[in-house]
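This report describes the charged side chains of one protein model. Salt bridges come before the surface charge.

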Amino acid sequence: MTKTELISALRLCARKVEERDNAEIQLNIARRELAAVQAPPKLKEAGEKFSFLTFLIFGGIYLLNIGRGFRWIYAHLTEKLLLVLLLYLLIGIALDLAVSFLIGWIAYSIRVNKVNAANAALTAKFRENKQAKEPRLLAECQRRQERLYHAQQEVTRCAQSCGLHENYQDSKPLIYLISYLETGRSDTLKEAINLYERELREDARDDAAARHRKEMQQKANAIYEETARSTAAAEAAARKADEAAFWGAAATLAASTQKKSSDPNCSAAAPT
């Protein structure tokens, strides 16, 4: 096979690969549509049977009454009255829970009928939509699956005609191989494949080197920032030490001067 014939065979193989990739995309789209039709609807829930709002409102009112009673009990404090207050509090909690469960159950009973009706409508709509679309989508998936199979067979046939290994039966390597042959960087398929593999290794090595440089730069920046912080802290400590020494010397000098001025011997020695 001449170089021109090889380029033509590779171009034909590239077109077949593109057709195969498009067939695979179309199959995935059909599968997603089928999965959406087959997925059951998310049914609604009626909620809790306990009314937290009732618990808070009833409990708040009850606590206000306890507060007013507590002020009176505090004014007439006895052990018996404290026991009454504790019993009143326990009864209130029990009543609050009972009322909250009762109100919550009533509200739940009302909601559950509406929710069941809504869920029944959703389920009926889901079944109707599934019955209407599922057979067509199943047939479409089957058709696109067959199209993908035949497209792959065409790719294999074209690749075998020019001796292209299955590892290179993809768009990216084919683009590079055709480019090497057309630009004269290689004259045979084997040379083009070797050149492609060598450039892949070089690209991988360059990427690894770039990642290494980035990591080293990040470490260097971290070391520089830590050094800068340490230097700044040391300079601040040195300034504080210098200031402390200066003010210590000043205080010593002031104390010495004051001592000399208050010494009578120094006063007597002064000229009259």
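In this predicted model, Glu140 and Arg143 form a salt bridge, with 2.3 Å between the closest N and O atoms. Both residues belong to helix H3 (residues 79–162), where a spacing of three residues puts them about one helical turn apart. The two partners differ in exposure class: Glu140 is buried, at 18% relative accessible area, whereas Arg143 is partly exposed, at 46%. The cut-off for buried is under 20%, so the 18% of Glu140 places this residue in the buried class.

The pair is part of a wider set, as the search of the whole structure finds 10 salt bridges. Three of these pairs are described here, and the table gives the distance between the closest N and O atoms for each.

| Salt bridge | Closest N and O atoms |
|---|---|
| Glu140 – Arg143 | 2.3 Å |
| Arg11 – Glu182 | 2.2 Å |
| Glu19 – Lys16 | 3.9 Å |

Which parts of the chain does the salt bridge between Arg11 and Glu182 tie together? Arg11 sits in helix H1 (residues 3–38) and Glu182 in helix H4 (residues 171–182), so this bridge connects parts that lie 171 residues apart in sequence. Arg11 counts as partly exposed, with 40% relative accessibility. Glu182 also falls in the partly exposed class, with 43%.

The bridge between Glu19 and Lys16 stays inside one helix: both residues lie in helix H1, three residues apart, about one turn of the helix. Is Lys16 buried or exposed? Lys16 is buried, with a relative accessible area of 17%. Its partner Glu19 is partly exposed, with a relative accessible area of 41%. These two residues also take part in a network of salt bridges that links Lys16, Glu19, Glu154 and Arg157.

Charge also gathers on the surface without salt bridges. Patches are made of residues that have no salt bridge and over 30% relative accessible area. Glu202, Asp203, Asp206 and Asp207 come together on the surface as a patch of negative charge. One of these residues, Asp207, is located in helix H5 (residues 189–262). Asp207 counts as partly exposed, at 43% relative accessibility, and this value is therefore over the 30% that a patch residue needs.

Methods:
Residues numbered from 1 in each chain as written. Predicted model: local features only at pLDDT ≥ 70, side-chain atom pairs only at ≥ 80, totals over all residues. Heavy atoms only, no water. Salt bridge = Lys/Arg side-chain N within 4 Å of Asp/Glu carboxyl O. Helix = DSSP H or I, 4+ residues; strand = E, 2+ residues; numbered from the N terminus. Buried < 20%, exposed > 50% of the residue type's maximum accessible area, 1.4 Å probe, protein only. Patch = residues over 30% accessible without salt bridge, like charges linked within 9 Å, V, L, I, M, F, W, Y side chains within 5 Å. Areas by Shrake-Rupley, 256 points an atom, 1.4 Å probe, with all protein chains shown as cover. Lys, Arg positive; Asp, Glu negative; His and termini not counted. Charge placed at Lys NZ, Arg CZ, Asp CG, Glu CD.
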